[in-house]
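Q: Could you take a close look at the pocket linings here, and follow the elements around them into the neighbouring parts of the fold? I would like one connected account, please.

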Amino acid sequence: EGPISSLWRLNLTVCRTMGEDTDSVMWECISTTGKGPGSISHHSSYMVDDSNVIIYGGVSCDENANVVFKLNLDRNIWTRIAFKKSDTILPRDDHAIAIREDGGFMVFGGFVQGSRCNETLSFECEGANADLDGDHVKCDENAVKPLIRASMSAACCNNKLWVFGGQDDDNNKLCDLWCYDMAKCAWSQIKCNQGDYWPCPRSGHSAVTWNSKMYIFGGIYELTKELNDLVCYDFASMKFSGNDDQGAVCSGQIPGEI
């Protein structure tokens, strides 16, 4: 029970070539050295490059962690990264993290001091030692922005941060899609057009971008129903497509829409 500290690896090359032979796919439990995060949960991670992964935030030993760790995948060594402004950026968990094209990353929402938030953070990697400089992003306080939430997904594409779904302060599952334009420092909500497909509300899902599209996988639809679907958002056509049983043709306001 509680957070765990194990690290596992799956060989994706084998997965791509296995065909129907699922017995050939093996998970490996990896031993590491260095000072890592230890037993942790509700954290977020992203790949810096082919050899390094960053872990930020989460819950460790019943406390929120406000530290950043890097794992070298070639040598399985943990290092702790210097985190500037850690006194002004509060610890958080159940947040979403998204890597930018320039190598930095964005963080949105999650729990801060026990309450859900809609903060947006930007982190920059500095120099060979990969020190991190993080700060709250600029945004007009009176402008529209996503509702407070946790357990949403986030991904970056074309210098924009895309946030989908999550769970609000009333524990409602959401399916709204928001875009933060880093150049304009402004949020906008992607509207649902009459007759278009739109994915069902969810939390605890994941998202990645590839070839100018965002792919969203799984999540929790209801307390007793977990999803196993794959949803795609095309940035060019600004439309969703997917294979989820709960998705529907859009006919009105969607949960979380303003």
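A: Happy to. In the second largest pocket, the lining residues divide into 15 nonpolar, nine polar and two charged. Please keep in mind that this is a predicted model. The pocket holds about 900 Å³ of space, and 26 residues line it, with L7, W8, R9, V53 and L73 nearest its centre. β1 (8-10), β2 (27-29), β3 and β4 (52-56) are the elements that give two or more residues to this lining. The largest share, three residues, comes from β1.

From here β3 makes a handy bridge to the next site. Residues 44-49 form this strand, and β3 also supplies at least two residues to the lining of the largest pocket, as do β10 (96-99), β14 (153-157), β19 and β20. About 1,100 Å³ of space lies in that largest pocket. Its lining is made up of 29 residues, and S45, A154, S206, A207 and V208 are the ones that lie nearest the centre. By class, the lining has 17 nonpolar, eleven polar and one charged residues.

Two of those lining strands, β19 and β20, lead into a sheet. It is an open sheet of four strands in the order β19-β20-β21-β22, with antiparallel pairing. β19 (206-210) and β22 are its edge strands; each has a single partner, so one side of each is left without a neighbour in the sheet. Ignoring direction, neighbouring strands are turned by 25 degrees against each other on average. In general, strands of a sheet pair through backbone hydrogen bonds, either parallel or antiparallel. Inside this sheet, β20 (residues 213-222) and β21 (residues 225-234) pair in the antiparallel sense over eight bridges. At one end of β20, E222 stands opposite K225 in β21.

Following the sheet on to β22 brings us to an enclosed space. The whole structure has one cavity of 30 Å³ or more, and the volume of the largest cavity is about 40 Å³. It is lined by I190, K191, N193, D196, Y197, W198, M238, K239 and F240. β18 (197-198) and β22 (239-242) each supply at least two of these residues. The lining divides into five nonpolar, one polar and three charged residues.

One cavity-lining residue deserves a second glance: M238. It lies in the loop between β21 and β22, and it has a positive phi of about 60 degrees although it is not a glycine. With a relative accessible area of 43%, M238 is partly exposed. A similar backbone feature turns up at Q113, another residue other than glycine, where phi is near 55 degrees. Q113 lies in the loop between β11 (105-112) and β12 (115-126). With a relative accessible area of 65%, Q113 is exposed.

Last, a word on the cysteines, in case you are setting up bonds in a topology. The count of disulfides comes to zero. C179 is in none: the nearest cysteine sulfur, that of C157, is 9.6 Å away, whereas a disulfide needs the two sulfur atoms within 2.5 Å. C179 is buried, at a relative accessible area of 5%, and C232 counts as buried too, at 12%.

Technical notes:
Residues numbered from 1 in each chain as written. Predicted model: local features only at pLDDT ≥ 70, side-chain atom pairs only at ≥ 80, totals over all residues. Heavy atoms only, no water. Buried < 20%, exposed > 50% of the residue type's maximum accessible area, 1.4 Å probe, protein only. 1 Å grid on protein atoms, 1.4 Å probe; cavity = no way out; pocket = protein on both sides within 12 Å on 5 of 7 lines; lining within 4 Å. Points joined across faces, edges and corners; volume = space filled by probe spheres on them. Nonpolar A, V, L, I, M, F, W, Y, C, P; charged D, E, K, R; others polar. Pairing = 2+ DSSP bridges. Axes fitted to C-alpha atoms, helices over the stretch in contact; angles between N-to-C directions.
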